[in-house]
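Me: I have a structure open here and would like to go through some of its details with you. Can we take it piece by piece?

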Amino acid sequence: MSAPYDGYGQQSPADVAYAGQPQEGFEQAPAPTAPASAADHGKKKKRGYAAQAYDFGAGANSAANPQPAAGAQPYGAYPQPQTPTYPAGYPGQEPQPVAPTYGAAPADVAPQYGAPQPQGQGYGGYPAPDAAYPAPVAGGVSGPGVPGAAGLSQQMAGMNLGPGSQPQAQPGQAARPVALNQLYPTDLLNQPFNVSELDLPPPPIVLPPNSSVTPSPDANCSHRYVRSTLNAVPTTHSLLKKSRLPFSLVIQPYGALHDNDDPVPIIQDQIIARCRRCRTYINPFVTFLDHGHRWRCNMCQLTNDVPQAFDWDAAMQKATDRWARHELNHAVVEFVAPQEYMVRPPQPLVYLFLFDVSYAAVSSGLLATSARTILDSLNRIPNADRRTRLGFIAVDSSLHYFSIPKDDDENGDTNMLVVSDLDEPFLPVPQDLLVSLSESRQSIENFLTKLPAMFQNNQSNGFALGPALRAGHKLISSLGGKMVVLGASLPNLGIGKLDMREDKKLLGTSKESSLLQTSNSFYKSFAVECSKNQVSIDMFLFSSQYQDVASLSNLPRYTGGQTWFYPGWNAGRPEDAIKFASELSDHLSSEIGLEAVLRVRATTGLRMNAFYGNFFNRSSDLCAFPAFPRDQCYVVEVAIDESLTKTVVCLQTAVLHTTCNGERRIRVMTLALPTTTNLADVYASADQQAIATYFSHKAVERALSGGLDAARDSLQNKLIELLQTFRKELAGGSMGGGLQFPSNLRGLPMLFLGLMKNVGLRKSAQIPSDLRSAALCLLSTLPVPLLMQYIYPRLYSLHDMPDNAGTPDPETSQIVLPPPVNLSSERLVSYGLYLIDDGQTQFLWVGRDAVPQLLMDVFGVEDRTQIRVGKGSLPELDNDFNERLRAVIYKSRDHMSKGVGSITLPHLYVVREDGEPSLKLWAQTLLVEDRADQGMSAAQWLGILREKVSQR
Amino acid sequence: MSGEAWLYLFAVLINAVNLFLQVFFTIMYSDLECDYINPIDLCNRLNTYIIPEAAVHAFLTFMFLINGYWVPLILNLPLLAYNAKKYAPPLYIFFLFPPTDSAGAASQLRGQVKADRNLRIIDNTHLLDATEIFRKLNVHKKESFVKLGLHLLFFFFYLYSMIVALIRDDTK
Ligand SMILES: [Zn+2]
């Protein structure tokens, strides 16, 4: 416990091992012989198959193509001469260290797929997913990347999270109650970053023993909900400033789209104890005084009375146990709110759909697909209280309203009412435009069935979005709710009219950023108006031409909605139709909150300084959400106004909202963090993923206000500043040629590089501004796990994946994924099969020398040229490898296992290395560590950083 | 009273108005910080005064120009330039890319600016934006303070100049 974060501690032993036995990695080479025999007597024939198939494949490969020696060679004797070619890109780096890492290097493919096998044997056939892959790494450089250690430190983290439960925490340490995380400096040049380091949990929060009133392991907030960039808070503003690190919270209040998938303790009895002065909700970190009659607020120190109901149940007339109360045992709880928390009775869930019915929307099949999807999703729309209401408006150059009768209305008929006055759109009839889903279910179904036919011959090219939005706002503003826009063209009529302003010549120049800004202030002022009336807007955009996503995305941005962009979408392609239908359906089924506000309270001395995300700041510390989505995260910057005197500070996030079942609730998340006066502690407890998330939000803001160059430059300068500060203050200043950084922040340079090379920020003259704007929306909303994947995509090597990959883990019954590989084309072998997945798009990369047997198993074709490249799906073939491959691809899309909710269903693109160049180039842009277009490679990047750091 | 005295009297009055406006702005900004007013109301209220403030100041500067009072004119020019830059971005772009510049990007941009100049005026890029007010509050406050200081200085300068002019009238 004295060094609780042993996950990072592994670093040094690994180093030592390395220095001592530089040949270790190579000695693993004979391993391939082991798997062969292992495969023979594998318990399941199925599991042995891949290895056999591969052996066979390898043989075929070498036979068929004697000339590409590089491809065939690795199967034979371990080719010594090849090794140095791989690490050549890294200056000043010994070649040896790399070889044993994950084996994706061209040279050591053999040990890679061989090694897990004996490991598996050792574990009796089915190794735990994490335990399986330390083997290739153990001798390697990336101590911190050892997933086994990750598991270990996770357990440790778990223990530390429950500070009250720490009889085992050594109280014997005199100077400080508990030692904070220890700093492990590493050299970024000698020990290159390994992607599996991103799977490690953040440095644990080490609180003094008995910080919380109950010994519950859930007393402190899990990093799934709230992450702090600093898990040890500097006590003064000057120390924070000296560290150059940001102090902010990354808040993701919901872990899934539906409550069932991510339940949180709910306090039903409406007893809500709050501090009289600062309105903090009672939480596990308060202190009880006066024999438990009073409690002291952990934020402002005021003493409050404990409600009698904590100990006495008046209804049942018996004593109750206060220590069993959820709010004293769990950091994340949800209170059912009484009357006082309502401005008005809870509103019903309202969905108003604005269909684009212009020629573009009808011809691309958008109208038919959306009508069909909504029809199929009617059962999924939350309607437990039977109050949910739906409305529909069709828009071309005029507005079409639909008055839908109740089901029991005998002579009722759905009427279409057309209004062509766009300047003052009025509602033609007062009622029946917004109808109850329960009472008019049959009529709604009839209407949605008929809707596509009504407009199938529509030739209008107008799209009066602005007037339609105003009309929709008028229709639902008394209730509030969601407007869902399904648009396939540029709004070109009435208020909010937009121009085709994109000019190819502007792309890649400093003028490009003007295209990312709002071109019509209607989209801001109207969004503010909507926020005021509790109306939230979601944009589903489909245009094949310029659609001005930059302007349109303002509507979701300030109303708690989201922008989904489907460039070049056409229902004629089944993949397109399936993707959109699945996403819209999930979106409608999501249990959103309504009329929500978010506020963060903190210990005296801390102040919430700035807020980032999709909402409107109704006051300096209150974020307003007409609808609260479940698939977004928010960043709150914290300022230290006064010196902190306590050893623990708390930050409490509260989300007051109405559930879609009409219940007013407050979700409260309390995070306690230790304080420190020591810069080393601050660095040792910094969370690289939270920091990257913070700077992603900052970069988006910077890109919109100051341009893309400024955003990229500020990222680079920030990183240099951090490296310099660390070198000067903590690494002793004279570290020769190395690039020192703590082990827990080792991923930061690559995450920043990934961010700068992301499609939203990359320097390029090829990216249409709509694509950029949509990417910027993602960069400023994605929850942490998805954001990390979006800026540093996942690469899996599939042709040589371990035997257990793609099969369910016996303990968790989760599909096991192959070990991830660093994003460098040097890790791709020409006969390989890879999955590159950034969470939005998946690429299945087929090497130029892929062997026929592999192609046969995966695609069911004999020859590479027969593979259908581009958007598609994998054929379902009756063989083990194909099954496992599909399992891996689906698992890689699984949001639940990442602990987040998301509706995104990525497209799968099949890419042939020698196939269509544009597709190949696109896939290659995800290889962040490669040099591409105008971006630098990882080696160049580290070189620049080192140069700049040692300069100043 | 001579023309000079009248002009400075006029300047003192105009300046007093601007002075009050800036005090009003400053108070409103601190109200926003203390959550006494919500950003939507604040922007609606302040935006009504932003153009008049600049227009009145521009008119006063113009009066100095046509009457040939160079010292007050030069004193007022920086503020005028600042307002012009802020309130008339299309004009600004026009100066940056003179018509001789035939490079595609610039002329395209200029053409666009010309084409939707009407749109631009509605666009009101200089007005306060409720969605960004909290991010830019410090900038706005600083601007308000600086303007307040400037107007205060001008006020005494005009007052002094007016008195000097009146004394000169008397001694004649
Ligand atoms: Zn309090």
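Me: Is Glu512(A) buried or exposed?

Reply: This is a predicted model, and in it Glu512(A) is buried, with a relative accessible area of 3%.

Me: Which residue does Glu512(A) form a salt bridge with?

Reply: The partner is Arg772(A), and the closest N and O atoms of the two are 2.8 Å apart. Glu512(A) belongs to helix α18 (residues 512-515) of chain A and Arg772(A) to helix α27 (residues 769-779) of chain A, so the salt bridge ties together parts that are 260 residues apart in sequence.

Me: And Arg772(A), buried or exposed?

Reply: Arg772(A) is buried, because its relative accessible area is 0%, which falls under the 20% cut-off.

Me: How many salt bridges are there over all chains?

Reply: The count comes to 50 over all chains. Another of them joins the side chains of Asp576(A) and Lys871(A), at 2.8 Å from N to O. That pair also links distant parts of the chain, with Asp576(A) in helix α22 (residues 574-589) of chain A and Lys871(A) in strand β32 of chain A, 295 residues apart. Both Asp576(A) and Lys871(A) are buried.

Me: What about Arg912(A) and Asp914(A), how do their side chains meet?

Reply: They meet in a salt bridge, with 3.3 Å from N to O. Arg912(A) counts as buried at 13% relative accessibility, whereas Asp914(A) is partly exposed, with a relative accessible area of 29%. Elsewhere, salt bridges that share partners join Glu334(A), Glu663(A), Arg665(A) and Arg667(A) into one network.

Me: Back to β32 for a moment. In what order do the strands of its sheet run?

Reply: The sheet is open and has six strands of chain A, in the order β29-β28-β30-β31-β33-β32, with mixed pairing. At the edges stand β29 (820-821) and β32 (870-872) of chain A, and each has a single partner strand, so one side of each is left without a neighbour in the sheet.

Me: In which sense do β28 and β30 of chain A pair?

Reply: Strand β28 (residues 794-797) of chain A and strand β30 (residues 833-837) of chain A pair in the antiparallel sense, over four bridges. As part of the register, Ser797(A) stands opposite Tyr834(A) in β30(A).

Me: Now the surface. Which residues form the negative patch?

Reply: The negative surface patch is formed by Asp407(A), Asp408(A), Asp409(A) and Glu410(A). Asp408(A) has its place in the loop between β14 (399-403) and β15 (415-419) of chain A, and Asp408(A) is exposed, with a relative accessible area of 62%.

Me: Switching to chain B, what is its secondary structure?

Reply: Chain B has seven helices and zero strands. Of the 172 residues in chain B, buried residues make up 40%.

Me: Which residues of chain B form the nonpolar surface patch?

Reply: The patch consists of Phe59(B), Phe62(B), Leu65(B), Ile66(B), Trp70(B), Ile74(B) and Leu77(B), which together have about 730 Å² of accessible area. Helices α2 (39-67) and α3 (70-87) of chain B each supply at least two of the patch residues, and α2(B) gives the largest share, four residues.

Me: And where is Phe62(B) found?

Reply: Phe62(B) is found in helix α2 of chain B, and at 45% relative accessibility Phe62(B) counts as partly exposed.

Technical notes. Residues numbered from 1 in each chain as written. Chains lettered and ligands numbered in written order. Predicted model: local features only at pLDDT ≥ 70, side-chain atom pairs only at ≥ 80, totals over all residues. Heavy atoms only, no water. Patch = residues over 30% accessible without salt bridge, like charges linked within 9 Å, V, L, I, M, F, W, Y side chains within 5 Å. Areas by Shrake-Rupley, 256 points an atom, 1.4 Å probe, with all protein chains shown as cover. Salt bridge = Lys/Arg side-chain N within 4 Å of Asp/Glu carboxyl O. Lys, Arg positive; Asp, Glu negative; His and termini not counted. Charge placed at Lys NZ, Arg CZ, Asp CG, Glu CD. Buried < 20%, exposed > 50% of the residue type's maximum accessible area, 1.4 Å probe, protein only. Pairing = 2+ DSSP bridges.
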